Amino acid sequence: MATELDVLSAISQLGFESLGNYFYGTWKGYAITMRKLSARIYYVDAAVRLDKATMALRRTLARAVKEKGLRIGGTEGYTKNRISFSVSFSGQEEAFSRLRERLDTITAALRENGVAPADTCFLSGAARPDSLCLIQDRGVLNYQPVNAAALRQQGTQAREKAEENQTNGSYLLGLIGAILGTLVGLIPNLLTAVYTETIYSILFALIPICAMLGYKLLKGKMDTGSIIIVVVLSLISVPLMVVLELAFYFVRDGFSLGFALSRSVQLLTEPGVLSELGGELVKRVLFMGLGIWVAWRFMSNQTNRSAVQNSEAQLASLRPFPAYQQAEDSMQN
C-alpha cells in the first residue's frame, strides 16, 4: 500500500509544484490542481470552462472514470471553471504508476466528452491567457489560466484596499455591523429551536459568518480585532438565544414583546433557573465553539493580512502558460 511519502514523491516526479496541501502543474494540456484530503486521497481538479454542466455530461464523465476506479469528487464536483475527481492511493499499485494512469484517464475522459482545457483568463474572461497561477475559486485554490497583467493589477488593488481599510476602517462601525449580522445569524437558529425543538450545530456557524459579513459590510477595520469582536459576539449570542426563545413563548401566549423580553431576562436571574438550564447552556456553548471552528477559515480569510497573503501566494505561483507559448510560436512560424 502506498504511503503518504510515496504519493508526495510521485506528485513531485510528475513535475507538480506544491503550496501547503495543494499541488499544481499541467497534464496533457490541462491545468491541474491536486488537493490533499487525507494521506492517500486527493482531489484532482482540471481547469475547464463550462457554460452549464448538464446532467448528461455528469453521468457520462462519471461512467467514463468509474471504470478506472475514479469518481467525481468534492462537495462541488462541478463549477464553471473546474471539474474535480477523487483519486485514492489505497491499493497495492505503485503510487507513481497509479497517479500517472489516473491523470491520463481524467484528461482522456474530458477530451472524449468535448470538455477542452480552459483557454480564457479566469479573471477577465479574455482569450489567449499568457500565464497560469493558483487562484481562489469558491474558497478553494485552483490552478487556472490568467493574464499576468490582470493578476498583477488585482494584487495591486488588493494591497491598496487593505491599506485603505487599515487606515480608515472603524471598529465602531464594524461592531454595529457585527451586532446586526449576529442577529441575522440567530434567526434560523431561533426558528429551528422554537418550531422543531431541536438545535443543530452546523446552524451555529451562521452566527459568526453573518457577524463577520456585517462587520465587513459596515467597513470595520479588518484585522485581528475583527475576529475577536466576532468571536465575543458569537459567545454572547448563546444566552441571548435562550432569552429570545423564552420571549417567543411569552408572545405566543399573548403577552407583549416588551413584557416578554423583560420577563425572560428576569427569569434567568431567578434562583434555580440557571442551574436548570445549565446543561442546555453548556451544550449550546459547545455547539457555538464548533460553529466558530467551522467558520474560522472564512473569518480569517476576510482580514487585510489574509487578503495580501493570498495575493502574494497567487503571484508566487505565476507560471508561463505552455499553450499560449505554443500558439505564439505557431503564429511566428
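Is F287 buried, partly exposed or exposed? I looked this up and found that F287 counts as partly exposed, at 23% relative accessibility. I note that the model is a predicted one.

**Entry 1: aromatic pairs**

I listed the aromatic pairs and obtained a count of eight. One of them joins F204 and F287: the ring centres are 5.8 Å apart and the planes stand at 90 degrees, so I recorded the pair as edge-to-face. The cut-off for that class is an angle over 60 degrees. I then located both residues in the secondary structure. F204 belongs to helix α6 (residues 201-204) and F287 to helix α10 (residues 273-300), so this pair ties together parts that lie 83 residues apart in sequence. I checked the accessibility of F204 as well: F204 is buried, with a relative accessible area of 1%. Its partner F287, at 23%, is partly exposed.

I turned next to F255 and F259. Their rings form a stacked pair, with 4.9 Å from centre to centre and 25 degrees between the planes. The class follows because planes under 30 degrees apart count as stacked. F255 is partly exposed, with a relative accessible area of 40%. F259 is also partly exposed, at 37% relative accessibility.

I also noted one aromatic cluster, which is formed by Y195, F248 and Y249.

**Entry 2: cysteines**

I searched for disulfides and counted zero. For C121, the nearest cysteine sulfur is that of C133, 8.5 Å away, and C121 is in no disulfide. The limit for a disulfide is 2.5 Å between the sulfur atoms. I recorded C121 as buried, at 2% relative accessibility. I looked up C210 too, and this residue is buried with a relative accessible area of 18%. The value for C210 falls in that class because buried means under 20%.

**Entry 3: helices α7 and α8**

How do α7 and α8 pack, and at what angle? I found that helix α7 (residues 206-217) packs on helix α8 (residues 224-252) at an angle of about 130 degrees, and that the axes are 9 Å apart. That angle makes α7 oblique to α8. I entered the crossing of the two helices as right-handed.

I then listed the residues that meet between them. On the α7 side I recorded I207, P208, A211, M212 and Y215. On the α8 side the residues in contact are S226, I227, I229, V230, S234, S237 and M241.

Methods
Residues are numbered from 1 along each chain as its sequence is written. This is a predicted model: local features need pLDDT of at least 70, side-chain atom pairs count only at pLDDT 80 or more; totals for chains, interfaces and linings use all residues. Side-chain values use heavy atoms; hydrogens and water are left out. Rings of Phe, Tyr and Trp (its six-membered ring) pair if their centres lie within 6.5 Å; planes under 30 degrees apart count as stacked, over 60 as edge-to-face and the rest as tilted. Helices (H or I, at least four residues) and strands (E, at least two) are DSSP runs, numbered from the N terminus. Buried means under 20% relative accessible area, exposed over 50%, partly exposed in between (1.4 Å probe, protein chains only). Axes are lines fitted to C-alpha atoms, for helices over the stretch in contact, and angles run from 0 to 180 degrees between N-to-C directions. Angles under 35 degrees count as roughly parallel, over 145 as roughly antiparallel, 65 to 115 as roughly perpendicular and the rest as oblique. A crossing is left-handed if the near helix is turned anticlockwise from the far one by less than a right angle, and right-handed if clockwise. Contact means heavy atoms within 4.5 Å.
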